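This briefing describes the structure shown below, topic by topic. The points are grouped so that each can be checked against the coordinates.

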Amino acid sequence: MSVSGLAASIPVLSVKGLVKTYGRGENAVHALRGVELDIHRGEMVAIMGSSGSGKSTLMNLLGCLDRPTAGSYLLEGEDVAGLDRDQLAEVRNRRIGFVFQSFNLLSRTSALENVELPLLYASPPRQTNGASTAVAQESIAERAKRALTLVGLGDRARHHPNQLSGGQQQRVAIARALVNEPSILLADEPTGNLDTRTSIEIMRLFQDLNEKGMTVLLITHEHDIAEYAKRVIVLADGRIREDRAVEKRRVATDELLALPVETEVM
Ligand code: ADP
Ligand code: MG
């Protein structure tokens, strides 16, 4: 097997015996009770489960926002379960793109500046003089603009969040998640605040990105939304109860073509 073939066979993420307990003693909450999960490059996975089943806890652990009580977590082969806060932040910034239900955009900042943010937090490129700083600055704006263009908002770079529709705001958030070229996109209820048509448009974007090779993991309690993924995992009481391929996968592009035409701002 070639070296690249070997790399391709390593899961993007692999967890074993993942346990998360909040509090201790009588007050202990066993949010995750031993989760085993491998996700490979190019997968699109939906995590489902009723409220309190452990979805957000799992997302926080996979997203390096929190550390497990026990168990192992390999992210692209690197053991991240034992990293300290600073190390976790570094891995998170480099490898993970987050999308949330509430978009979490800065309201007084343009779409472009919102997308630039993760680049400003990332470790600065090695520079030797002022000239290369100017180049680095320019490339930050350019990279942000490229990410906005990728989500179909290249012409909205100067708009502020309150000048954009909900769907457009979520696209800005997705551009922000993509700008560091992460290994995996983690989305927690990304369509929770959106109407049906806009939700399908956002799922079309995720499916497009997945077609281009992005690994996508989305959390949803909506069965309709989960069916856009290739694989569905159901959590119950802190364990994986079901892990199956989606049989009749929904294709957002086709569904949007079938919807009645409407005057659209997008
Ligand atoms: P879901 O996202 O599926 O609704 P969560 O992962 O948020 O589930 O929660 C799983 C369990 O852990 C729930 O019983 C919840 O009350 C508990 N829990 C979540 N976060 C905390 C926390 N920070 N402290 C204590 N208990 C928590
Ligand atoms: Mg939750």
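In this predicted model, 4 strands make up an open sheet whose order is E2-E1-E4-E5, with antiparallel pairing. Its edges are E2 and strand E5 (78-79), each of which pairs on one side only. The chain as a whole contains 9 helices and 10 strands.

**Strand pairing**

- Strand E1 (residues 13-22) and strand E4 (residues 70-75) are joined in the antiparallel sense over 5 bridges.
- Valine 15 has tyrosine 73 of E4 opposite to it.
- Strand E9 (residues 231-236) and E10 also run antiparallel, and 6 bridges join them.
- Across that second pair, alanine 236 stands opposite arginine 239 in E10.
- The hairpin of E9 and E10 has 2 residues between the strands, and aspartate 237 in this hairpin takes a positive phi near 50°.
- Strand E10 (residues 239-245) lies largely in the open, because the number of buried residues among its 7 is 0.
- In a regular strand, side chains alternate between the two faces of the sheet.

**Surroundings of ligand 1**

- The shell around ligand 1 consists of Tyr22, Gly23, Val29, Ala31, Gly49, Ser51, Gly52, Ser53, Gly54, Lys55, Ser56 and Thr57.
- Strand E2 (29-39) and helix H2 (55-62) are the elements that contribute two or more residues to this shell.
- The most is given by H2, with 3 residues.
- By class, the shell comprises 3 nonpolar, 8 polar and 1 charged residues.

**Burial and the nonpolar core**

- Of the 266 residues in the chain, 35% count as buried.
- Among contacts with a separation of 6 or more, 71% are between residues 24 or more positions apart.
- The largest nonpolar core has 63 residues, and those that touch the most other members are Ile47, Val115, Leu148, Ala175, Leu185, Leu186 and Leu217.
- In soluble globular proteins, nonpolar side chains tend to be buried together.

**Two leucines: buried or exposed?**

- Leucine 148 is located in helix H5 (residues 130-150).
- Leucine 148 is classed as buried because 25 other C-beta atoms lie within 10 Å.
- Leaving aside residues up to four places away in sequence, leucine 148 touches Ala111, Leu112, Val115, Leu153, Gly154, Ala157 and Ala175.
- Two of these contacts, Val115 and Ala175, are listed with Leu148 among the core residues that touch the most other members.
- Leucine 148 and arginine 176 are 28 residues apart along the chain, and their C-alpha atoms are separated by 8.1 Å.
- Leucine 120 is located in helix H4 (residues 111-121).
- Leucine 120 is exposed because it has 11 other C-beta atoms within 10 Å, where 12 or fewer is the limit for that class.
- From C-alpha to C-alpha, leucine 120 and isoleucine 140 are 7.9 Å apart, with their positions 20 residues apart in sequence.

**Helix H7 and its packing**

- Helix H7 (residues 196-211) has 16 residues and reaches 22 Å from first to last C-alpha, close to the 22 Å expected at 1.5 Å a residue.
- The buried residues in H7 are Ser199, Ile200, Glu201, Ile202, Met203, Leu205, Phe206, Gln207 and Leu209.
- These buried residues pack against helix H6 (166-178), strand E7 (184-188), strand E8 (215-219), helix H8 (223-226) and helix H9 (252-258).
- Just after H7, glycine 213 has a positive phi of about 110°.

**Positive phi outside glycine**

- Most residues other than glycine have a negative phi.
- Phenylalanine 103 has a positive phi of about 65° although it is not a glycine.
- Phenylalanine 103 is placed in the loop between strand E6 (96-100) and H4.
- Phenylalanine 103 counts as buried because it has 22 C-beta neighbours inside 10 Å.
- Glutamate 189, likewise not a glycine, has a positive phi of about 50°.
- Glutamate 189 is placed in the loop between E7 and H7.
- Glutamate 189 counts as buried because it has 20 C-beta neighbours inside 10 Å, and 20 or more is the requirement for that class.

Notes
Residues numbered from 1 in each chain as written. Chains lettered and ligands numbered in written order. Predicted model: local features only at pLDDT ≥ 70, side-chain atom pairs only at ≥ 80, totals over all residues. Near = placed C-beta within 6 Å. Nonpolar A, V, L, I, M, F, W, Y, C, P; charged D, E, K, R; others polar. Contact = placed C-beta atoms within 7 Å. Expected span 1.5 Å × (residues − 1). Pairing = 2+ DSSP bridges. Core = buried A, V, L, I, M, F, W, Y, C linked by C-beta atoms within 7 Å.
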